[in-house]
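Please read the following report alongside the sequence and the coordinates. It takes up the relation of the chains, the contact between them, the enclosed spaces and some backbone features.

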Protein chains: 2
Amino acid sequence: MGVIDQGKAPVKTGSIYPEPYASQMAGRTSLRLGDLGGLTQFGANIVILQPGAKSSLRHWHLNEDEFVMVTEGECTLVQDAGETVMRVGDCAAFPAGDTDGHCFVNKTDAEARFLVVGTRAPREVATYSDVDLKVEIADGKATFTHKDGRPFEGGKP
Amino acid sequence: MGVIDQGKAPVKTGSIYPEPYASQMAGRTSLRLGDLGGLTQFGANIVILQPGAKSSLRHWHLNEDEFVMVTEGECTLVQDAGETVMRVGDCAAFPAGDTDGHCFVNKTDAEARFLVVGTRAPREVATYSDVDLKVEIADGKATFTHKDGRPFEGGKP
């Protein structure tokens, strides 16, 4: 492999979240550059946020390191301590197991983009900081529960 | 963790290559952003190439996926099939085990930079495409040999 033809990258839209959370992800798209390039050990995606869109529910990963670089526009990083505006070239790191949840919001009137790299662990748990939700991913299957482990009764209509 | 203060990133200069190869890496520096951000599962570095500098000997990895995005200037990717000029935002992927070796050369008169992400495997072998050299890295120790396994007799004076 070599140079990635970004025009041919698989485009991911929508969300695997149960409702009411999936609808909150409107305006977010991602380009699966690493997949197109044949990478399997980590994901390398360009996330595109329309004005007002957010990257995800605020969350932290148990087993997977994550790295972000803003590549276009401005993204507002939200964490426990508050908000940080990030511009092109700014980078952030979220080590596995760090419980300070994060997400990115586009608070501008222009499209924003960032590169996100995340390890692909055989088993992963992501915990959502601001809502009563977590997800366990194993064998490619995502199971959403409340934080105490009860099944999450939401779901797309 | 969160936003990385790039001004505080550890700066790596020089090369672990034996001579005469280490000297060929003059003009290359890298900023260890992932290390500064507490990441351990993959490296995330900004490589800075002065005019005329190259990123590495042309090589391929046995066990580690690698991903690159140009962030400043122009970099020329060199592979088996020839050269490809990459500009800001262009990306490339080098899956583990793909024997098509790669390196980046700055053929311009201005500084060039790229982000490189590479998995950290417990044991790794990198093979250098254009010279009789390979390296095995295990337990943090790098051992350079000829391609047939004989010890490499070079070394810094």
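## Symmetry, contact and cavities

Chain B is superposed on chain A by a rotation of 180° with 0.0 Å of shift along its axis, at an RMSD of 0.0 Å, where copies are superposed by least squares on the C-alpha atoms of residues with pLDDT of at least 70 in both. This is the relation of a two-fold axis. The same surface serves both copies, in that 100% of the contact residues of chain B recur in chain A.

This is a predicted model, in which local features need pLDDT of at least 70 and side-chain atom pairs count only at pLDDT 80 or more, while totals for chains, interfaces and linings use all residues. Residues are numbered from 1 along each chain as its sequence is written, chains are lettered from A and ligands numbered from 1 in the order in which they are written, and side-chain values use heavy atoms, with hydrogens and water left out.

The contact (heavy atoms within 4.5 Å) takes 39 residues from chain B and 39 residues from chain A. About 2700 Å² is buried between chain B and chain A, and carbon and sulfur atoms give 64% of that area; buried area is the accessible area, with a 1.4 Å probe, that two parts lose on being put together, summed over both. On the chain B side, B:Met1, B:Gln41 and B:Phe67 lose the most area to chain A, together 20% of what that side buries. Between the two chains the count of salt bridges is zero, a salt bridge being a side-chain nitrogen of Lys or Arg within 4 Å of a carboxyl oxygen of Asp or Glu.

A search of the whole structure finds two cavities of 30 Å³ or more. On a 1 Å grid over the protein atoms alone, a cavity is a set of points where a 1.4 Å probe fits but cannot get out, and lining residues have an atom within 4 Å of a point. The largest cavity holds about 60 Å³ of space, and its lining consists of A:Met1 together with B:His59, B:Trp60, B:His61, B:Glu64, B:Phe94, B:Pro95, B:Asp98, B:Asp100 and B:His102. Strand 4 (residues 59-61) of chain B gives the largest share of this lining, three residues; strands are DSSP runs (E, at least two residues), numbered from the N terminus. The second largest cavity has a volume of about 30 Å³ and is lined by A:Trp60, A:His61, A:Phe94, A:Pro95, A:Asp98, A:Asp100 and A:His102.

Some backbone features are set out below.

| Site | Feature and value | Place |
|---|---|---|
| A:Glu19 to A:Pro20 | cis peptide bond, omega near 15° | A:Pro20: loop between strand 1 (11-12) and strand 2 (28-32) of chain A |
| B:Glu19 to B:Pro20 | cis peptide bond, omega about 15° | B:Pro20: loop between strand 1 (11-12) and strand 2 (28-32) of chain B |
| A:Asp139 | positive phi of about 50°, not a glycine | loop between strand 12 (133-138) and strand 13 (141-145) of chain A |

Key
1 Å grid on protein atoms, 1.4 Å probe; cavity = no way out; pocket = protein on both sides within 12 Å on 5 of 7 lines; lining within 4 Å. Points joined across faces, edges and corners; volume = space filled by probe spheres on them. Helix = DSSP H or I, 4+ residues; strand = E, 2+ residues; numbered from the N terminus.
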